[in-house]
Amino acid sequence: MEEKQLQDLEMEQERVESIIKEIDKKAEKWNESSSDVGSDALEIRKTFWEDVTVNFDEADDVAETFTSIKQQAALLSERERTQSQMIKQLQTLSRLRFSPYFGRVDFKDDVEDTAEQIYLGIATLMDEQEENFLIYDWRAPISGLYYDYSPGPANYKTETDTIEGIMELKRQFVIKGGKITAMFETGVTIGDEMLQEVLGNNADTQMKTIVATIQKEQNQIIRNDSSSLIVVQGVAGSGKTSAAMQRVAYLLYKYRNIITSENIMLFSPNPLFNSYVATVLPELGEENMQQATFQEYLSTRFGNEYDLEDPFEQMEFLLEADKNENYFERIESIRFKASLAFKDLLDQYAEKLAGETLVFKSLGINKRAIISKKEIAAYYASLDQSISIPNRVQLVKEWLLKELKRKAKAELSQEWVEKEIQFLEKEDYLEAFKTSQQKQGEADDTYHDFDREQKWLSEMVVKRRFKPLFNAVKKLKFINIRAVFMDFFKESQIMSESLPKNWGTTCEQSISNLENRFIVYEDATPFLYLQDLIEGRKSNTSIRHVFVDEAQDYTPFQFAYIKRLFPYSKMTLLGDINQAIYSGPTGAQTILADSALDSGEMELYRLTKTYRSTKQIVEFTRQLIQGGEMIEPFNRTGPKPVIVQTCESRDHIPKVNDLISELQRSGHKNIAVICKTAKESKAAFEGVKKVHDTRLIEKGTMTFENGVNVVPTYLAKGIEFDAVIIYDSSVYTRTEERKLLYTACTRAMHELYILSAGELSPLIKEVDPHLYSLI
Ligand SMILES: Nc1ncnc2c1ncn2[C@@H]1O[C@H](COP(=O)(O)OP(=O)(O)OP(=O)(O)O)[C@@H](O)[C@H]1O
C-alpha cells in the first residue's frame, strides 16, 4: 500500500472509532429513556384499574367508565409504541456500531467553497447536537450520488431542486466489528473490487442486502417513485429480487409517514423463497412486507370446498409429457385459459348474464328447503335488470336475511324443534333456566317458568340451526358459482368463432372436473374472476405497492386479476422470460412477453449483467438459451462447468456422492442436487442420504438450510447455491425444457457439475465444447 493510502486508511479508521464513541453515547442515552418509558408502561399496566373510574350504576356512569378505560388504554399503547420504536432504534444503533458505513463521497455543490464529506450507511446518524449528519441513510436523496456517479460532475434531486456540483472523491469500505477490513478508491460507479469481495463469498441460506454495491441500473429501479407500473426484465442473477427488496426498503423510508410494511405486498414463487428473503429488510432496520404466493391466495379463496391443483402439480403433469393422457389438449387449454382473450370471453358471458337468471342454491335445514332456489331465482328476476349483477346480488342477500329471520320465527312452533329440545345437553337446560330466572322480573307474569324456559330453548334450537344459513347468505353462498362456471363452458362453445381447436373436449373436461369439485390450476383464476364479476368483490385499498417476483410465471389473465384486486396499488413486476418454466412447455403467454404488457402505462428496465455466477458458468449457461449473447457476466472467475458422462443414469448416485464430498472438501457449504421432477428428486435423495446428511426440498418445505439439498428445479427458483449438481441432464431433451435446464444451471454461484447418461442432451450439444470440461 502506498504511503498516501496508508495515511487515508489511518484517518478513516480514526473516524470510525470516533463515530463508534458517538454511537455508544447515543445508545446510553436512548437506553435510559427506553427503560424510563418501559417502567412507565409497566407502571400503567400495574395500576391500570386503579387509575380508571369504574362505575356501571347509571347510563352516564357507564359512558364515563368507558371513556376513562379508553384513555388509559391509549396512554398505555402510546408508551408501549414509543418503547418499541426506541428498541428498534437501539437495534439499528448496534448494527451501525458493527459497521457504521460502507461508502463516502465528497461533494462540492455550486454554492459552497469546500466539499462536504458524505458517509453512507444503513441508517442516519446525527451528531450530539442533532445538527450535522455523521452518517446519511443510503436512501436519502444526497446518497443517490454514490450510486449514480463516478468522481466528476454530478447531481442529485431533492423534493424541489436538482443540486449540481462536483464529486471530488468516492470511497468504499468494508467495516466489520468497527475495523476497516478493506477500503477502495473508486473511479467507476461501484468498484469491481468491492463486488469481487462480496460475490466471492459462500452462498447463504438467507438473501443478503446489497446496499453497499447497488449498481446504477438497479438504483434506477429502486428509486423510481413516479411510475405506476414498473417491469424489470432481468437475466438470471441480475439482482431482480435484490432490487425488489431494497426498493421496498426505499419506499418505506421515502414515504415513512404515509405507508408502512403493512401496505406493501410481495407475491413470491414458493414458501421456501419467503423464508429466503425474510432477513433482508430486518437487516436494513425495516419490517418485512406482506408476503404470499399466488397459490396461497387461491387456496384461501377456495377454502375446503374444492380440491385445488397447485402450479407444481400442473408442472409435474407437463414434465411427464408423453406419459399423460390428453397431454396436447390440456396444453392447448392451459394456453387459451392464460390469455386475455379467455378473460374477454368471461366478460362477454357476464354481460350476457345480466339479462338472464343466475343459478342459485336452496337454503335448507334437515334436508328441507327453507328458501328454495326457485324462490331466490324469482326474487332475483323481480329486480330491475338495469341494476348491476353485484348490486342485485346484494339486494337478494338483504332480502334473504330478512326472509330467514321471518322463517326462523315461524319455525319455533314446529315439531322438529320440540324433538331437538329433548336431545339437548344438560348445560343447555341450565342456561335456559338461568336466563328465564333473569328475565322473570322484566317479563309479564302470564308465563310460567316452564313456558319461559321452553320458549328460550326453542329459540336456541332454531338459532343454532339457522346460524349456518345466515352465515352462508352473508358469504353469498346462495349463488351456485360452480354451476354458473359450468354453464359458461357449455355456452362458450357458441360464443366465439376463434376458439381453440379442441375447445369442445376442454369444456367437457372442465365440466367434469367441476362436477368432482376439482379445480385445475388453469381454471382457478378464471373461476374466481367470474365469481368476482357476479358477486362484486371489494378491492383491497390498504395495499399501495404490489411486487410480483418471478413474474414470468404469471399469465396475462392472472396479472389482470391481480390488478383488479389491487386497483389503487403501484406495481413492480420482476422476471426473466428465459426462466418461464411454466409457459415453456405450454407456449402460453406470460406477462413478461413484450406483447402482453401495455407499454403505455409502464416503465421497462432491462438488466443484462449477471452477478450470481462466475464468468465461466455464465458463458456456458447463456448458450443454453436463445438470445443468450446479451447476457454479460461479472468478471469473477472459477472453474469451467464440468459434464460428467456416465453409461446410465442409475450410475449417478455414486458419482453425485463423490462430487459432494469433493465440493465439501473445497469449502462449499451449500450444495444442491437439482432434479427435473419431484419423483426424480425423491430417487436422488434416497441415494444421496445414505452417504451425506441431506435434505429433500418438497413443495411444502418452508425453510432452506445449509448443507446438501436435493430439489426439483421449479422449487429452486430465485435461490442460489455455492455448487450445483444437475442430477441428470439427459432427461432434458425437448426444446420446451430449455428454460428449465437454464434455470437449474443458473442457480450455481461457484461450481456447476452436470451429469449426463449416454449421449449428451441435444440442448447441451448446442453449447461450444470449449466452455465446459467433459469427464
Ligand atoms: N449490486 C449487487 N451487489 C452485490 N451483489 C449483488 C448485486 N446484485 C445482485 N447481487 C447478487 O447476485 C445474486 C443474484 O441476485 P438476485 O437473486 O437478486 O438475482 P435475480 O435476478 O433475482 O436472479 P434469478 O432470476 O436468477 O432468481 C445474489 O447473490 C445477489 O446478492
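How many bridges join strand E8 to strand E16, and in which sense do the two run? In this predicted model, strand E8 (residues 229-234) and strand E16 (residues 570-575) run parallel and are joined by five bridges. Within this pairing, Val-231 is found opposite Leu-573 of E16.

The two strands belong to an open sheet of six strands, with parallel pairing and the order E10-E9-E15-E16-E8-E17. At the edges stand strand E10 (290-292) and strand E17 (602-607); each has a single partner strand, so one side of each is left without a neighbour in the sheet. On average, and with direction ignored, neighbouring strands here are turned by 15° against each other. Helix H6 (residues 240-254) packs on this sheet, where it touches E8, E16 and E17 along with strand E9 (264-267) and strand E15 (545-548). The direction of H6 makes about 160° with that of E16.

Helix H6 also brings the ligand into the picture. Together with helix H4 (192-199), H6 gives two or more residues to the shell around the ligand. That shell holds 24 residues, of which Thr-213, Ala-236, Gly-239, Lys-240 and Ser-242 come nearest. By character, the shell divides into twelve polar, seven nonpolar and five charged residues.

A second open sheet is built from seven strands, again with parallel pairing, in the order E22-E23-E21-E24-E25-E20-E26. Its edges are strand E22 (694-696) and strand E26 (773-774), each with a single partner strand, so one side of each is left without a neighbour in the sheet. At the E22 edge, three bridges link E22 in the parallel sense with strand E23 (residues 707-712), and Leu-696 stands opposite Val-710 in E23. Two helices can be followed against these strands. Helix H26 (residues 738-745) packs on the sheet and touches E21, E24 and E25, with its direction at about 140° to that of E24. Helix H24 (residues 652-665) lies across strand E20 (642-646), strand E21 (670-675), E23, strand E24 (721-726) and strand E25 (748-757), and runs at about 160° to E25.

Where do the best-connected members of the largest nonpolar core lie? Of its 172 residues, Val-673, Ile-674, Val-724 and Ile-725 touch the most other members. Strand E21 spans 670-675 and strand E24 spans 721-726. Leaving aside residues up to four places away in sequence, Val-724 touches Ala-672, Ile-674, Cys-745, Arg-747, Ala-748 and Leu-752. Such a core fits a familiar pattern, because nonpolar side chains tend to be buried together in soluble globular proteins.

Some smaller pairings complete the description. Strand E1 (residues 103-109) and strand E2 (residues 116-121) pair in the antiparallel sense over five bridges, with Val-105 and Ile-118 as bridge partners. These two strands form a hairpin that has six residues between them. On E2, a parallel pairing over two bridges is made with strand E4 (residues 133-137), in which Leu-120 has Tyr-136 as its bridge partner. Strand E12 (residues 363-365) and strand E13 (residues 368-371) run antiparallel and are joined by three bridges, and Gly-364 is the bridge partner of Ala-369. The hairpin of E12 and E13 has two residues between the strands, and Asn-366 takes a positive phi near 50° there.

Methods. Residues numbered from 1 in each chain as written. Predicted model: local features only at pLDDT ≥ 70, side-chain atom pairs only at ≥ 80, totals over all residues. Pairing = 2+ DSSP bridges. Helix = DSSP H or I, 4+ residues; strand = E, 2+ residues; numbered from the N terminus. Axes fitted to C-alpha atoms, helices over the stretch in contact; angles between N-to-C directions. Contact = placed C-beta atoms within 7 Å. Near = placed C-beta within 6 Å. Nonpolar A, V, L, I, M, F, W, Y, C, P; charged D, E, K, R; others polar. Core = buried A, V, L, I, M, F, W, Y, C linked by C-beta atoms within 7 Å. Buried ≥ 20, exposed ≤ 12 C-beta atoms within 10 Å, placed from the backbone.
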